[in-house]
Amino acid sequence: MPRRTIDITVPPLTGRRAVLTGGSDGIGLGIATRLAAAGAEVVLPVRSAGKGAAALERIRAAAPGAAVSLRELDLSSLASVAALGRTLRDEGLPIHLLVNNAGVMTPPEQRRTADGFELQFGTNHLGHFALVAELLPLLRAGEARVTSQLSIAANGGAINWADPNWERSYDGMRAYRHSKIALGLFGLELDRRSRAAGWGISSNLAHPGVAPTSLLAARPEVGRAGDTPQVRVIRWLSARGILVGTAETAGLPALYAATAPEAQPGRLYGPSGPGHLGGAPAEQKLFSRLRDPEDAERMWRLSAELTGAVYRAG
């Protein structure tokens with residue numbers, strides 16, 4: 001049976017500057033292509049210059065005349081985050097859309113960032129927390145919408161408050177869930193703080209469901225030499241249109257959350273199919289782990305302490 005086509009309409013984005021992390025491959029590349037095709041000026045901060053150059057070629061082939069460019073960023077290094085912040089602030093252009101999409105998943109053995117954080121917590125959450133602080137004046141100037149890409153895995157597990165940096169023990173999936181719950185708590189607290197302080201920024205959340213992306217594939221940079229059994233199963237299901245999405249449809253919830261006029265701040269968007277594994281994007285209930293504002297405020301304080309990031313709007 002042929003798979004039903006799933007897509008959304010992206011509104012015109014001419015004159016708007018969009019910054020997207022993790023845009024050199026996978027879901028992020030698809031989102032970047034759609035943003036560029038809609039007329040946005042797309043900035044892709046990337047860790048690998050080679051992958052970034054290949055991404056530019058693919059975007060320009062799909063969207064001739066696209067305004068898209070690269071900047072350097074390694075989210076696992078606070079120095080790199082600060083350097084990107086200086087670069088973009090020196091350019092002085094307002095940012096209208098920010099998609100916190102980059103992430104790493106379940107290194108087989110524990111790895112640490114340049115600053116000593118557990119790799120998933122440091123990259124998926126703390127790097128983005130510091131990045132938004134660096135870009136806050138530009139986000140304010142653009143009255144930006146910030147969309148943070150979570151995972152369906154954040155609907156399970158918990159924040160490891162007793163050992164947030166996984167120094168006493170390590171479980172890859174538990175640490176991954178922890179990192180994505182933390183990012184979700186941050187995204188919601190960012191929206192609350194913006195409204196309270198009059199920053200003019202809105203912030204919401206998305207997740208891609210389940211799809212055959214690069215997260216569980218071979219990733220030498222996280223110590224995974226081959227594809228995981230999970231991604232092989234997901235590819236098999238996806239190719240047959242069973243339950244899960246495709247690499248293309250998996251980016252639609254974040255694209256919708258970031259661009260749709262009807263997408264609301266403080267909400268979560270994901271696939272609308274069974275189990276939210278695949279299907280067209282739609283609003284869904286906040287994951288239970290994200291519903292306590294006190295947890296969100298506590299995560300904000302912890303993240304500021306760990307990174308030294310200061311949220312100055314001026």
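Helix H9 covers residues 293-307, and its length can be checked by simple arithmetic: at 1.5 Å a residue, its 15 residues should span 21 Å, and the end C-alpha atoms are indeed 21 Å apart, so the expected and computed values agree. Keep in mind as you look around that this is a predicted model. Several residues of H9 are tucked away from the surface: Ala296, Met299, Trp300, Leu302, Ser303 and Thr307 are its buried residues. What lies over them? The cover on the buried residues of H9 includes helices H3, H4 and H5.

**The sheet**

Let us turn to the strands. Eight of them form an open sheet with mixed pairing, and reading across it gives the order E3-E2-E1-E4-E5-E6-E7-E8. Strand E3 (67-72) and strand E8 (281-284) are the edge strands, each pairing on one side only. On average, neighbouring strands of this sheet are turned by 25° against each other, if direction is ignored.

Within that order, strand E5 (residues 145-149) and strand E6 (residues 202-206) make a good place to zoom in, as they pair in the parallel sense over five bridges. Two of the partnerships are easy to find on screen: serine 148 has leucine 205 in E6 as its bridge partner, and valine 146 has serine 203 in E6. How does the chain get from E5 to E6? The path runs through helix H5, and this β-α-β crossover is right-handed.

Strand E6 is mostly covered, with four of its five residues buried. E6 also pairs with E7, again in the parallel sense, over two bridges. Here alanine 206 stands opposite tyrosine 269 in E7.

E5 has a helical companion too. Strand E5 (residues 145-149) and E6 are parallel partners, and helix H4 (residues 119-141) packs on the sheet, touching both strand E4 (97-100) and E5. The direction of H4 makes about 180° with that of E4.

**Salt bridges**

Now for the charged side chains. Side chains of opposite charge can pair when their charged atoms come close. How many salt bridges does the structure hold? There are eleven salt bridges in the structure, and three of them are set out here.

| Salt bridge | N to O distance |
|---|---|
| Glutamate 91 and arginine 17 | 2.9 Å |
| Glutamate 189 and arginine 193 | 2.9 Å |
| Arginine 267 and glutamate 283 | 3.2 Å |

In one of these pairs, the side chains of arginine 17 and glutamate 91 meet at 2.9 Å. That pair links distant parts of the chain: arginine 17 belongs to strand E1 (residues 17-20) and glutamate 91 to helix H3 (residues 78-91), 74 residues apart. Are the two partners buried or exposed? Arginine 17 has a relative accessibility of 4%, under the 20% cut-off, so it counts as buried. Glutamate 91, with a relative accessible area of 30%, is partly exposed.

The pair of glutamate 189 and arginine 193 is a local affair: both residues lie in helix H5 (residues 172-197), four residues apart, which is about one turn of the helix. Glutamate 189 counts as buried at 7% relative accessibility, whereas arginine 193 counts as partly exposed at 26%.

For the third pair in the table, arginine 267 and glutamate 283 meet at 3.2 Å. Arginine 267 lies in the loop between helix H8 (252-259) and strand E7 (268-271), while glutamate 283 lies in strand E8, so this salt bridge ties together parts that are 16 residues apart in sequence. Both partners are partly exposed: arginine 267 has 35% relative accessibility, and glutamate 283 has 44%. Elsewhere, salt bridges that share partners join Arg17, Glu41, Arg71 and Glu91 into one network.

**A histidine in a loop**

One last stop is histidine 96, found in the loop between H3 and E4. Is this histidine buried or exposed? Histidine 96 has a relative accessible area of 14%; because buried means under 20%, this loop residue is buried. Which residues does histidine 96 touch, not counting those up to four places away in sequence? The contacts are Gly15, Arg16, Arg17, Gly142, Ala144 and Arg145. Arg17 in that list is a residue you have already met, as the salt-bridge partner of glutamate 91.

Terms used
Residues numbered from 1 in each chain as written. Predicted model: local features only at pLDDT ≥ 70, side-chain atom pairs only at ≥ 80, totals over all residues. Heavy atoms only, no water. Pairing = 2+ DSSP bridges. Axes fitted to C-alpha atoms, helices over the stretch in contact; angles between N-to-C directions. Contact = heavy atoms within 4.5 Å. Salt bridge = Lys/Arg side-chain N within 4 Å of Asp/Glu carboxyl O. Buried < 20%, exposed > 50% of the residue type's maximum accessible area, 1.4 Å probe, protein only. Right-handed = clockwise from strand over helix to strand, strands pointing away. Expected span 1.5 Å × (residues − 1).
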